[in-house]
Amino acid sequence: MRELKVTIYEHAKELPTILEGNYFHSPELMELCEHTPRQKPLMAVVTESDGTVVAHLLAVVYHRRSWLPPYIYMNVRVMGEGVYHVKDEEHHEQQLFGLMAEAITERMQNRALYIEFSHFSQKMFGYKELKRMGFFHVKWMNIHNSLHSRTPEERITERQMKRIEAAQERGAVTKLVETNDEFREFSKLLRHHNWLKPRRYLPADDFFRGMMESKRCRLFITKYREKVIGCCACVHSDGDLYLWYSASRRKSYAMLHPNAITIWNAMKHAHAEGMQHFRFIDVGLPFRRNIYRDFILSFGGKEVTAFRWFRISIRWVNTLASWWWRE
């Protein structure tokens, strides 16, 4: 077996020539995170003795504040299993993932409050390696709409379609963010909607502007009588469009269903651009009663059970959480 080496890079300009693939593990996103306040990227790169890159994985460190109780902390998040050399048959992906995950964990285990891995393409990916490192898994829900086999109109429920059509007839219109004024309205609504959600991290405006400039991000707003009542931010990667953030004035404009009409038009945009799937990044825990999950499923998507993996730096808390979320 050839010798493998794992190196963690903090600056995009120091990276070797790495593999092409998922946007969530790209040098492009790493550089954007590097220049976004309260974010710090860590790119784990696996190389052979001759310097050949065989895998890489991007983790993002978030610097966060909490008011109850008041303190500042960091957490680390990894979305997806990374990128691997498709022709490298000698090294198994699970082994390479274990090397990178372990390197990131060792770097951040005494500095971050918790480390999180999510959005693996396969439910059991990395199970053995993450268990060995003291991570515990929580059942989560993923939902995606296939756009390549049937049109969005063929999948959405009749009831949801009638709501959207009624909102459009009353004058609600969804469009792409194009001007600075529209961007400010997008940001204002997004932050107002999420300020009481402690786990939801919102990047600085520089992050969204950077993705827009790189043509990787689509920002949508829904307007009614010149007022923005809904918005969402979508990112495209590997032929799919991901709904990353969304917000709406669903209580003030309940009869217009702003969340539904915004997501619907984003989905239609993805279909028109030839995207294969429309994916919802954060659906939540698989509770028997989940209003948001039922809302998303009204668009005709497919529900898939997944795992999210966590490791808390406070040992006794991690042990307690591992026991609580045991299978």
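Ser214 is partly exposed, because its relative accessibility is 31% and the class covers what lies between buried (under 20% relative accessible area) and exposed (over 50%), with a 1.4 Å probe and protein chains only. Ser214 sits in the loop between H7 and E9. Its C-alpha atom is 8.6 Å from that of Glu28, and the two residues are 186 apart along the chain.

The model is predicted: local features need pLDDT of at least 70, side-chain atom pairs count only at pLDDT 80 or more, and totals for chains, interfaces and linings use all residues. Residues are numbered from 1 along each chain as its sequence is written, and side-chain values use heavy atoms, with hydrogens and water left out.

Helices (H or I, at least four residues) and strands (E, at least two) are DSSP runs numbered from the N terminus. Two packed helices are described by the angle between their axes and the distance between the axes. Helix H1 (residues 27–34) and helix H7 (residues 205–213) have axes that come within 9 Å and cross at roughly 150°. H1 is therefore roughly antiparallel to H7, a term for angles over 145 degrees. Axes are lines fitted to C-alpha atoms, for helices over the stretch in contact, with angles from 0 to 180 degrees between N-to-C directions. The crossing of H1 and H7 is right-handed, meaning that the near helix is turned clockwise from the far one by less than a right angle.

Two loop residues that are not glycine have positive phi values.

| Residue | Phi | Loop | Relative accessibility |
|---|---|---|---|
| Glu226 | about 70° | between strand E9 (217–224) and strand E10 (227–237) | 67%, exposed |
| Asp238 | about 55° | between E10 and E11 | 53%, exposed |

His257 is placed in the loop between strand E11 (240–248) and helix H8 (258–272). With a relative accessible area of 26%, His257 is partly exposed. The C-alpha atoms of His257 and Glu154 are 20 Å apart, with their positions 103 residues apart along the chain.

A nonpolar surface patch of about 750 Å² is formed by Ile314, Trp316, Leu320, Trp323, Trp324 and Trp325. Patch residues have over 30% relative accessible area and no salt bridge; like charges are joined within 9 Å, and nonpolar side chains (Val, Leu, Ile, Met, Phe, Trp, Tyr) within 5 Å. A salt bridge is a side-chain nitrogen of Lys or Arg within 4 Å of a carboxyl oxygen of Asp or Glu. Areas come from the Shrake-Rupley method with a 1.4 Å probe, and for residues only the protein chains shown count as cover. Trp323 belongs to helix H10 (residues 315–324) and is partly exposed at 47% relative accessibility.

Notes. Angles under 35 degrees count as roughly parallel, over 145 as roughly antiparallel, 65 to 115 as roughly perpendicular and the rest as oblique.
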